[in-house]
Structure formats: C-alpha cells, structure tokens
Amino acid sequence: MKQKELTSRLMHIVGEEGVILNPADQETYVNDWLGKAHGRTVAVVRPRNTTEVSAVMRLCHQSHTPVVPQGGNTGMSGGATPDLSGAQVVLSLNRMKRIHDVDPVNNTLTADAGVILAEIQQAARKVGRYFPLSLGAEGSCTIGGNLATNAGGTGVLRYGNTRDLTLGLEVVLPDGRVWNGLRALRKDNTGYDLKDLFIGSEGSLGIITGVVLKLFAAPAGRITAWVGVQNLANVVALLNRLQADCGPRLSAFEMMSAPSLSLVTTQLEAHVSPLKKIYPYYALIELADTRLAGLQDMLQTGLSAAIEEGLIDDCVVAMSEAQSVSMWKLREGISLAQVKAGKAVKHDIALPISGLASFVAEADQAVLTDFPGLPIINFGHIGDGNLHYNVLLPLDVAPEDYKEKTTGLNKRIHDLVAQFNGSISAEHGVGTLRRDELRRYKSTVEMDLMIAIKRALDPNQLMNPGKLL
Ligand SMILES: Cc1cc2nc3c(=O)[nH]c(=O)nc-3n(C[C@H](O)[C@H](O)[C@H](O)COP(=O)(O)OP(=O)(O)OC[C@H]3O[C@@H](n4cnc5c(N)ncnc54)[C@H](O)[C@@H]3O)c2cc1C
C-alpha cells in the first residue's frame, strides 16, 4: 500500500486531528526524553478508543506496516521510539484517557491505557482509596506504558510492581482482534493467565488498551527518616531489622551513596542534605499506615536500636510533611542531576538482597581498576534489590570514547550481575538498549520460549520490531 493511501485510510479511521504528518509536530514522538533514541515515522496515529485501535491495527496488518506503541514516552530503554526507516507507524495512546469505573467496594479501578499515572492515583484518592504505583515520571507516563514495562518505582517493597497491581487487561492483537480480559476478579483459575504475557512485553505482542487495577486502603499519612550509614552491609541489615519490627508498615526503603547525594546537592538548587556530616551511604525510610498513632514511635524505636547496635551513625526523622517532601526531593532529583553533570552509563539491575553488599564491593573494585577516575553514582530501590549502578562520563566525552566505555562498562557490570544470579533489567525494560545483551544472559531455552510466544502472537513481526527480541 502506498504511503499516501495508508495515511488517508488512517485519517478515515481516527479523524484528521488524530494523525500527525508534519515532521516538526512529530518531534516529541520520534525522539526519547533522554535524547538517546531518534527515529522517523510515516505517521503518528492517535486513536480515541479501542474500536479505533482495532481498525488501525487491522489496516497495518493488511498493509504489512510495522507499529510502535507509545504512551507518555518517558521510557528509559528506547522502546517507544521508531527506527530510522520512516516506514513505521507510531500508535500513541495519548487520546485514550477515560477512567471508566472506580469501585471502592471491590477496590478496583478500570481505565483506558492512555490515562496518566498521576490521574489514576488522584481518582483513587477521590474515593478514599490508594493506588500505590509511584515513580519520578508519574506526571507524564501512562498506565499502558507502566503495564508494558512492568514498571516498579518506590512502592514495590510493600505493594509489588505493576504486574502485582493488575487484575485485568484489554489488548488489541496485531491482526486487530480485541481480547477483552477486563475482569475485576482476585481469583480466576481458568487456564493460562494471558494478562501476564502482555505485562512487560514492551509493545512486542499487542496494544494494551484498557486495564483493571487493584486499589488499597488509603494511608492516613507517612513518617519519613533520613539515615547516615558507614557501609552497604549495614544498610541491608537496617532494612532487615525494620522489616522485622514494622512489618508491612515499612512502605519504602531507598538508598543513595555519598557521590549520588553530592551530585544532587551540587547540581540542583534548594536540595540540601538533612545531615551535616557526610556518610558513605544514606537510607531514605518511610512508614505508612491507615492510622498514624504509634507510627513515629515505632520508627524512632527501631532507629534507636539500630544506633545502639552500630548499624547506623546518625538519623533525622521528618517532623512535617514539608520535611518529608524535601527528603524525597533528594532521592527523586538524582536522574536530573545526572543529566546535568555528565553522560551516565546506566545499569538498572536487580540482585538477591543478600548479595547486594558483596556485589557492590566487587563492582566498585572492577570500575576502579578498569575505568579509573570515573564517578560511580549508585542508588536505588534497595528494599526490592534494585540498584541503579551508574558510571558518569564527562559531558564533552567524544562519541567514540563514549561508545567504547559504555560497551566495556556494560559487559563488566552485567557479567558480574549474572555471576550473582541477578537481572540486567530490573524495571526499565529491554527496548533497544539491552536487546543484544539479553541474548548473552538468557539461556537458549528461555530465548526459544520467548521467540515462540512472539511468533504465535505476531507471526508477521509487525509489533515494535527491533525491540526486546
Ligand atoms: C524521571 C523519571 C523517573 C523514572 N523512574 C522510574 C522508576 O522509578 N521505575 C520505573 O519502572 N520506571 C521509571 N522511569 C521510566 C518510565 O517512566 C517507565 O518505564 C514508564 O512505565 C513508561 O511509561 P510511558 O507511558 O512513558 O511508556 P513509553 O515510554 O511511551 O513506552 C515504554 C514501552 O512500553 C510500550 N508501550 C507503551 N504504551 C503501550 C501500550 N498501551 N500497549 C503496548 N505497549 C505500550 C512502548 O512501545 C515501549 O516499549 C522513570 C522515567 C523518568 C523520566
């Protein structure tokens, strides 16, 4: 099918305002926010509902046109960017923004895939409930993108990742058929759990168009503390101690190394450490519950015991919501501070929590020996065993040097991750960034199974080609 005929049939389906053809208007859809992935597209198509998505997919199936699904385009792995051929259609869900149902009795929320995460949180709050998925991009990312990447964030320790928060899905298959699995059930043993195939599939199997999410009792408030620690083994011991003392009330446990904190306080205005002295590691701890009574005492008792045991050196407990917010600003500011300071070679890795301290000791030594002088920015959702173990290169690094160092560092760090039985992608997905490395670290059997599933659902290889597999 000629390009002109394709775009005019797309306009017929979604209306003229739903198709973007002007290259200047396509800019934000064909480049990623990190400035690392760049592409071109025949057209950006923005359907308004599932029927339109289905018709677009049927047309692309008939015309053998590859499709790149896109939500908020905040992904970190290049998964939502088309390639440079100019032959792919970008299918954006950003006009599918309806919240269909919020059911506080069943504790569920049913929404279109294009709804922004912060709007989902807000809709839950309006009925006195809580949706716990929370990440730095929540004002721009969509729930469909969260599902497609099985996003993690700061609430995983207590509530799990996006997969754990999902009860039902609606998906448009590559040939345009619609699977309506929008079931609001907590028990449903009627065969293979198809929704789990699509969650984390990064747009490679179909377009997620709708979702039923779990809601939870709303916490009455939170108590936040900032802690200075001498080494990572003690951070892990503190995590274990607070898990035992506070049970499910421990809602977040984040870690930042001294260089990560220093990067934020020097690069960003109004970001100040709550502790005067510098410690090698910091933990940001949060307790939350449906009743606030006793929560502060519980945290203070746990921290006092940890000081007596020599696990921590110093701590501050936030006395107001404003203090709590400024502690979280330090953790959330790291991504931006990195962008300002240099070119980060990023590693979004997961490890068994018991292996974290040994892993970091070996990784630090490896970087120090093989790549001397490069700052290591190590932070993460340590309560889930998720480290963002990044190495900073100068802003003016030459492209060939950047490429060579990135390849070398990735191999060195990821080989070590494999040795510790970890994962090379904890929460950001594979996209184009980790696609070639995936083959190196997954077994042949696992790759064969994944390829078989892809062939069964997308025999013409039209869904997000070049990503993940
Ligand atoms: C400041 C900042 C902080 C971040 N922090 C975190 C964090 O803590 N944890 C975390 O997990 N991530 C984090 N991210 C990464 C990102 O926000 C998540 O990956 C998010 O889930 C992506 O959602 P999106 O709507 O932007 O998806 P996009 O970037 O548009 O797409 C991501 C992938 O999903 C596919 N996709 C999108 N929508 C659909 C759909 N409806 N159907 C099928 N496939 C689809 C795309 O093809 C692509 O492969 C952060 C990003 C930023 C900018």
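This is a short tour of a predicted model, to be followed in a viewer one selection at a time.

**Stop 1: the domains**

Colour the protein chain by its assigned domains: domain 1 (3–92), domain 2 (99–217), domain 3 (221–335) and domain 4 (342–441). Then place a marker at the C-alpha centre of domain 1 and another at that of domain 3; the two are 43 Å apart.

**Stop 2: the largest nonpolar core**

Select Val227, Val235, Leu238, Tyr282 and Ala283. In the largest nonpolar core, which has 60 residues, these five touch the most other members. Now add strand β14, residues 281–289; with seven residues, β14 gives the most to this core. Where does the core lie with respect to domain 3 and domain 4? Both domain 3 (221–335) and domain 4 (342–441) supply residues, so the core lies between them. In general, nonpolar side chains of soluble globular proteins tend to be buried together.

Stay with alanine 283 and show what surrounds it. Neighbours within four places in sequence aside, alanine 283 is in contact with Val227, Val229, Val235, Leu238, Phe253, Glu254 and Met255.

Next, select Val53, Ala113, Val212 and Met463. They are among the members of a second, separate core, which has 54 residues.

**Stop 3: the ligand**

Select the ligand and the residues around it. The shell has 37 residues, and those that come nearest are Gly71, Gly75, Gly79, Gly144 and Gly145. Which elements each supply at least two residues of the shell? They are β3 (67–70), α5 (143–149) and β10 (207–214). Highlight α5, since the largest share of the shell, five residues, comes from this helix. Coloured by class, the shell shows 14 nonpolar, 20 polar and three charged residues.

**Stop 4: strand β4 and its partners**

Select strand β4, residues 89–92, and show its side chains. Val89 and Leu91 point one way, while Val90 and Ser92 point the other way. Are these four residues buried or exposed? All are buried. As a rule, side chains in a regular strand alternate between the two faces of the sheet.

Now add strand β2, residues 43–45. Three bridges join β2 to β4, and the two strands run parallel. To see one pairing, pick alanine 43, which stands opposite valine 89 of β4.

Finally, add β3, the strand already met around the ligand. β3 also runs parallel to β4, and four bridges join them. Pick proline 69 to end the tour: its bridge partner in β4 is leucine 91.

Technical notes:
Residues numbered from 1 in each chain as written. Predicted model: local features only at pLDDT ≥ 70, side-chain atom pairs only at ≥ 80, totals over all residues. Domains from an automatic or database assignment. Core = buried A, V, L, I, M, F, W, Y, C linked by C-beta atoms within 7 Å. Buried ≥ 20, exposed ≤ 12 C-beta atoms within 10 Å, placed from the backbone. Contact = placed C-beta atoms within 7 Å. Near = placed C-beta within 6 Å. Nonpolar A, V, L, I, M, F, W, Y, C, P; charged D, E, K, R; others polar. Pairing = 2+ DSSP bridges.
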